[in-house]
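Take a moment to turn the model around before reading on. The paragraphs below are meant as a guided walk for someone meeting it for the first time.

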Amino acid sequence: MGVFKIVPEIHMLGTAEELREALGIGEGDLVIAGSVWRKNFKGTEGCEVLIVGDFAKGEPTDDLVERMNAAVSKPYKRVIGIGGGTVLDCAKLFALKKLSPVSDLFDGKFEAVKDKELVLVPTTCGTGSEVTNISILEFKSRKTKFGLANDAIFTDKAYIVPELAEGMPYNVFAASSLDALVHASESFLSPKATEISKMFSIGAIDRILKGYKRIATDGRECLSSLMPDFCLASVMAGIAFGNAGCAAVHAMSYPLGAQFHVPHGESNYSVFTGVLKKYAVKAPDGNIAVLTGHFAELLECDAKDVLEQLDGLLSEAAMPRRRLGEYGMTDDMVRGFSISVMENQQRLLANNYVPLSCEEIEEIYASLL
């Protein structure tokens with residue numbers, strides 16, 4: 001019998017002003033935030049604030065966390081993370097009694113022990129980090145990403161405020177919402193999925209694809225009215241993959257993102273339908289048929305054409321899917337990337353719909369060059 005759980009206390013708020021009142025930020029708080037902090041939280045006194053963009057740009061890395069940790073100047077009792085996935089994944093680690101050396105923490109050389117209250121506020125609509133026990137960092141020396149999955153980094157409270165997400169550049173919205181779609185799809189196909197987690201997966205997929213269809217029809221100007229649905233879809237997808245896990249799409253995207261600095265949601269998207277096609281060849285009559293059948297129903301197309309139709313919608317409403325060669329990947333790199341996935345991403349590969357060999361992962365990469 002599968003296990004399903006939701007740990008964080010989740011609050012849905014309408015405005016940034018409501019959030020400021022709910023948080024009561026002050027002395028004893030360490031705020032880790034993105035640029036949204038300077039726009040929406042001026043005049044907050046007593047707390048210490050680390051703006052992630054002041055330390056580094058792009059995806060979260062072990063080096064970024066080490067430099068932020070060195071910059072903390074006074075004790076704190078509560079960590080408040082306000083931002084996108086980079087911010088939230090970093091903020092989780094600061095709620096631990098010890099987080100450095102970060103490489104030793106992720107390698108399990110010392111125990112993750114939480115000793116501060118943690119509050120997370122997403123300002124994008126894809127990561128789902130606010131409801132999961134996972135932090136993902138790029139380890140530059142290893143040229144890939146690793147995840148720390150530990151209940152010690154569950155947040156205590158998550159606040160969902162669509163107004164804070166409305167200022168996202170469109171490319172950030174596209175990458176983050178694509179990430180949520182992958183979370184929902186991979187968790188639906190996972191052997192660890194339960195009937196409850198699948199409801200969250202399907203709920204997220206419905207909101208995302210219906211939103212994309214509306215954007216394709218009415219244009220990007222309608223995004224503001226859709227943001228509550230996209231934010232809720234992100235939370236639902238996070239709950240789903242927090243229980244059932246992500247799999248080969250994420251595993252294959254990690255070395256791509258680390259090597260070529262591709263945003264996480266975009267790197268997931270680049271291999272998404274390639275992995276689904278391989279699943280459909282290996283085990284066409286299982287949950288992959290259920291998932292693609294649901295896609296076909298939403299897209300109002302024939303099931304045999306559904307992945308091509310899905311690619312078309314995502315390219316129109318979110319971003320065009322680029323070939324891996326456009327990022328710089330070559331034929332000579334395929335074997336090395338595949339070996340890296342097999343050696344470093346078994347935590348994710350354990351959740352595959354069907355097992356994939358190193359050779360099959362090579363085939364997927366090669367088909368997407």
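What follows goes from the sheet to the helices, then to the rings and a few unusual backbone spots.

Keep in mind that this is a predicted model. A good place to begin is the open sheet, which has six strands in the order β1-β8-β5-β4-β2-β3, with parallel pairing. At its edges are β1 and β3 (48-51), each pairing on one side only. On average, neighbouring strands here are turned by 15° against each other, direction ignored. To see one of the pairings up close, look at β5 (residues 117-122) and β8 (residues 157-160): they run parallel and are joined by two bridges. Val119 has Lys157 in β8 as its bridge partner.

A record has something to say about this region too. UniProt, in an unreviewed entry, puts the feature "domain: Alcohol dehydrogenase iron-type/glycerol dehydrogenase GldA" at residues 45-158. In the model, that span is 21% helix and 26% strand, and its end C-alpha atoms lie 22 Å apart.

Now for the helices. With 24 residues at 1.5 Å a residue, α8 should span 34 Å, and its end C-alpha atoms are indeed 34 Å apart, so the two values agree. Right after α8 comes Gly219, with a positive phi near 90°. The same reckoning works for α10 (residues 248-260): its 13 residues should span 18 Å, and the end C-alpha atoms are 19 Å apart, which agrees. Is α10 mostly covered or mostly open? It's mostly covered, with 12 of its 13 residues buried. Among the buried ones are His250, Met252, Tyr254 and Phe260.

Next, the aromatic rings. A search of the whole structure turns up 10 aromatic pairs. In one of them, Phe4 and Phe200 have ring centres 5.5 Å apart and planes at 25°; that angle is why the pair counts as stacked. This pair links distant parts of the chain, since Phe4 sits in the segment before β1 (9-12) and Phe200 in helix α8 (residues 195-218), 196 residues apart. Phe4 is partly exposed, at 23% relative accessible area. Another pair, Phe173 with Phe230, has its ring centres 4.9 Å apart and its planes at 85°, so it is edge-to-face. Because Phe173 belongs to helix α7 (residues 170-189) and Phe230 to helix α9 (residues 223-244), this pair ties together parts 57 residues apart in sequence. Both Phe173 and Phe230 are buried. They also belong to a cluster, where ring pairs link them with Tyr170 and Tyr212.

Charges turn up over rings as well. The charged end of Arg220 sits over the ring of Tyr170, 3.8 Å from its centre. Lys198, for its part, lies over the face of Phe188, at 5.4 Å from the ring centre.

Finally, some backbone oddities. Between Ser100 and Pro101 the peptide bond is cis, with omega near 0°. You'll find Pro101 in the loop between α4 (85-93) and α5 (102-106). Which phi does His261, just after α10, take? A positive one of about 60°, although His261 is not a glycine. His261 lies in the loop between α10 and α11 (264-282), and counts as exposed at 59% relative accessibility. Glu300 also isn't a glycine, yet its phi is positive, near 55°. It's in the loop between α12 (287-299) and α13 (306-317), and Glu300 is exposed, with a relative accessible area of 68%.

Methods: Residues are numbered from 1 along each chain as its sequence is written. This is a predicted model: local features need pLDDT of at least 70, side-chain atom pairs count only at pLDDT 80 or more; totals for chains, interfaces and linings use all residues. Side-chain values use heavy atoms; hydrogens and water are left out. Helices (H or I, at least four residues) and strands (E, at least two) are DSSP runs, numbered from the N terminus. The expected span of a helix is 1.5 Å times one less than its number of residues. Buried means under 20% relative accessible area, exposed over 50%, partly exposed in between (1.4 Å probe, protein chains only). UniProt positions are given in the numbering used here, feature names are shortened, and annotations may be inferred rather than shown by experiment. Rings of Phe, Tyr and Trp (its six-membered ring) pair if their centres lie within 6.5 Å; planes under 30 degrees apart count as stacked, over 60 as edge-to-face and the rest as tilted. A charge sits over a ring if NZ of Lys or CZ of Arg is within 6 Å of the ring centre and within 35 degrees of the ring normal. Two strands pair if DSSP finds at least two bridges between them. Axes are lines fitted to C-alpha atoms, for helices over the stretch in contact, and angles run from 0 to 180 degrees between N-to-C directions.
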